[in-house]
Amino acid sequence: MADENPFPGENNTGHFWDDNLRELRNPPPRWWMNAFWLSIAWWVLYGLLYPMWPTPPWKLDQTEQQHTEGMLAWSSIKEFKEGMAQVEEVRAEYENRIAQMSAEEILADPGLLQYTLASSKVVFGDYCAACHGSGGQGNPGYPVLADNDWLWGGTLGKITETINGGRKGNMIAHQNILSEQEVDTLAQFAVDLSEGREASAEAWGLFKTKGCFGCHGPEANGVIGTLPNGDVISVGAANLTDRLWRFRPGGFESAKHTILYGVNQAGVEQTRDAVMPKFGGDGSAAGRLDENQIKKLAVYVHELGGGQ
Ligand code: HEC
Ligand code: HEC
């Protein structure tokens, strides 16, 4: 570095390299300085308008540190709460309308139906999916809701009744009533019907004389009769004439098991458990749903099953 400035009169810093490389003191261009001051002004203005400056007591934890509120009194949490209040307002409007309408009327109103299906999806996930699967596809031991095969009836009225009051199918155990031969014949009967084959006259005879008929109906399809309004009369007995098996894996052994030990038989160890809990009225506090929720769920389940 030179001791004397070899470029006297020049606006340099006095730092030189390789004889003539040097650092100058030229001010930055005006536009650049303008932008610089403007950004500082912006920072100050922003700090006045929005929450920014920490205030005592000082804390290291950002979530606890207090700060100035800003002249606009804006905050992201406030904005979020206002948004939520708006959503609640819209929701309340829908809920009020739903409270005054029947499930049938909701089904006929496209706007309300859309709202109902969207909001019930969440409730279904919380209260029903653990047993029936998130899409109503069923689980071992729990019936499929996403088809048009119903134990208790698939009209809105019947579905509402099911959710409101719960269901508990009842089939007696036949281990001490039927001979082994008769159990085999009847299990084969269920398999034949399920696979679309004609069942033997002997099997139909047993079906009628051994009491199966009283619950499974004269056609073995789970329907005892039909009311003038279209509702089926049913005690929740499975349809034996379709391919669907209520108790998995289905087939001969599975049918035999159900016939031998029945459904929901107290004191019969191997009986099939099939209890749909009660969600309405004085149902258990944990599972209790309000009237609107049940109405909406009935519509939701009805639509899952393709309606009836
Ligand atoms: C603890 C398990 C469980 C929960 C939770 C549950 N269900 Fe069920 N549900 C069942 C069982 C078991 C049956 C079959 C009852 C029977 O076999 O008689 C059933 C039957 C039904 C049926 C009748 C199906 C038919 O074919 O007729 C409907 C509808 C239904 N449930 C809807 C719901 C809805 C909606 C919810 C949520 C609010 C729900 N279930 C929650 C176990 C459950
Ligand atoms: C008191 C009424 C009742 C009687 C009597 C009865 N059942 Fe059932 N049965 C039911 C009910 C209810 C179910 C289904 C339970 C459920 O899904 O919750 C059922 C289910 C079945 C199943 C299982 C079907 C499947 O898809 O897994 C078979 C098989 C069956 N019954 C055959 C018979 C035969 C055969 C007889 C006569 C010996 C008979 N039942 C008598 C009520 C009855």
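# A tour of Gln-265, two iron sites and His-174

Begin by selecting Gln-265: leaving aside neighbours within four places in sequence, this residue is in contact with Asn-170, Met-171, Ile-172, Ala-173 and Thr-271, where contact means heavy atoms within 4.5 Å. The model is a predicted one, in which local features need pLDDT of at least 70 and side-chain atom pairs count only at pLDDT 80 or more, while totals for chains, interfaces and linings use all residues; side-chain values use heavy atoms, with hydrogens and water left out. Residues are numbered from 1 along each chain as its sequence is written, and chains are lettered from A and ligands numbered from 1 in the order in which they are written.

**Stop 1: Gln-265**

Gln-265 is located in the loop between α10 and β6; helices (H or I, at least four residues) and strands (E, at least two) are DSSP runs, numbered from the N terminus. Is Gln-265 buried or exposed? Its relative accessibility is 17%, and Gln-265 therefore counts as buried (buried means under 20% relative accessible area, exposed over 50%, and partly exposed in between, with a 1.4 Å probe and protein chains only).

Display the side chain of Gln-265 next. It makes a polar contact with the side chain of Asn-170 at 2.5 Å, and it reaches the backbone oxygen of Met-171 at 2.9 Å. A polar contact is a pair of N or O atoms within 3.5 Å; within protein, one must be able to donate a hydrogen and the other to accept it, and residues adjacent in sequence count only if both atoms are side-chain atoms.

**Stop 2: the iron atom of ligand 2**

From Gln-265, move to Met-171. Which protein atoms are donors of the iron atom of ligand 2? They are Met-171 (SD) and His-216 (NE2), which lie 2.0 to 2.1 Å from the iron. Donors are N, O and S atoms within 2.8 Å of the metal (3.2 Å for Na, K and Ca); water is not among the atoms, so sites may look incomplete.

The arrangement is octahedral because the six donor atoms around this iron subtend angles of 86 to 179°. By definition, six donors count as octahedral, and four as square planar, if opposite donors are over 155 degrees apart and all others between 65 and 115; four count as tetrahedral if all angles lie between 85 and 135 degrees, and anything else is irregular. The pair links distant parts of the chain: Met-171 is in the loop between β3 (167–168) and α7 (180–194), and His-216 is in helix α9 (residues 212–216), 45 residues apart. Both donors are buried, Met-171 at 18% relative accessibility and His-216 at 10%.

Now select the surroundings of ligand 2. Of the 22 residues around this ligand, Met-171, Cys-212, Cys-215, His-216 and Arg-246 come nearest; a residue is counted as near if one of its heavy atoms lies within 4 Å. An oxygen atom of ligand 2 is 2.6 Å from a polar backbone atom of Arg-246, and an oxygen atom of ligand 2 is 3.0 Å from a polar backbone atom of Phe-247. The elements that give two or more residues to this shell are α9 and α10 (252–261).

By class, the shell around ligand 2 has 15 nonpolar, six polar and one charged residue. Ala, Val, Leu, Ile, Met, Phe, Trp, Tyr, Cys and Pro count as nonpolar, Asp, Glu, Lys and Arg as charged, and the others, Gly among them, as polar.

**Stop 3: the iron atom of ligand 1**

Keep Arg-246 on display and add ligand 1. An oxygen atom of ligand 1 is 3.1 Å from an N or O atom in the side chain of Arg-246. Backbone N or O atoms also approach oxygen atoms of this ligand: one of Leu-151 at 2.7 Å and one of Gly-169 at 3.2 Å.

At the iron of ligand 1, the protein donors are His-132 (NE2) and Met-276 (SD), 2.0 to 2.1 Å away. His-132 belongs to helix α5 (residues 129–132) and Met-276 to strand β6 (residues 275–276), so the pair ties together parts that are 144 residues apart in sequence. The six donor atoms subtend angles of 86 to 179°, which makes this arrangement octahedral. His-132 is buried, with a relative accessible area of 10%, whereas Met-276, at 22%, counts as partly exposed.

Ligand 1 is surrounded by 25 residues, the closest being Cys-128, Cys-131, His-132, Leu-151 and Met-276. The largest share of this shell, three residues, comes from α6. The shell divides into 19 nonpolar, four polar and two charged residues.

**Stop 4: His-174**

Finally, select His-174, in the loop between β3 and α7. This residue is buried, with a relative accessible area of 7%. Not counting residues up to four places away in sequence, His-174 touches Lys-210, Ile-259 and Leu-260. The C-alpha atoms of His-174 and Val-268 are separated by 11 Å, although the two residues are 94 residues apart along the chain.
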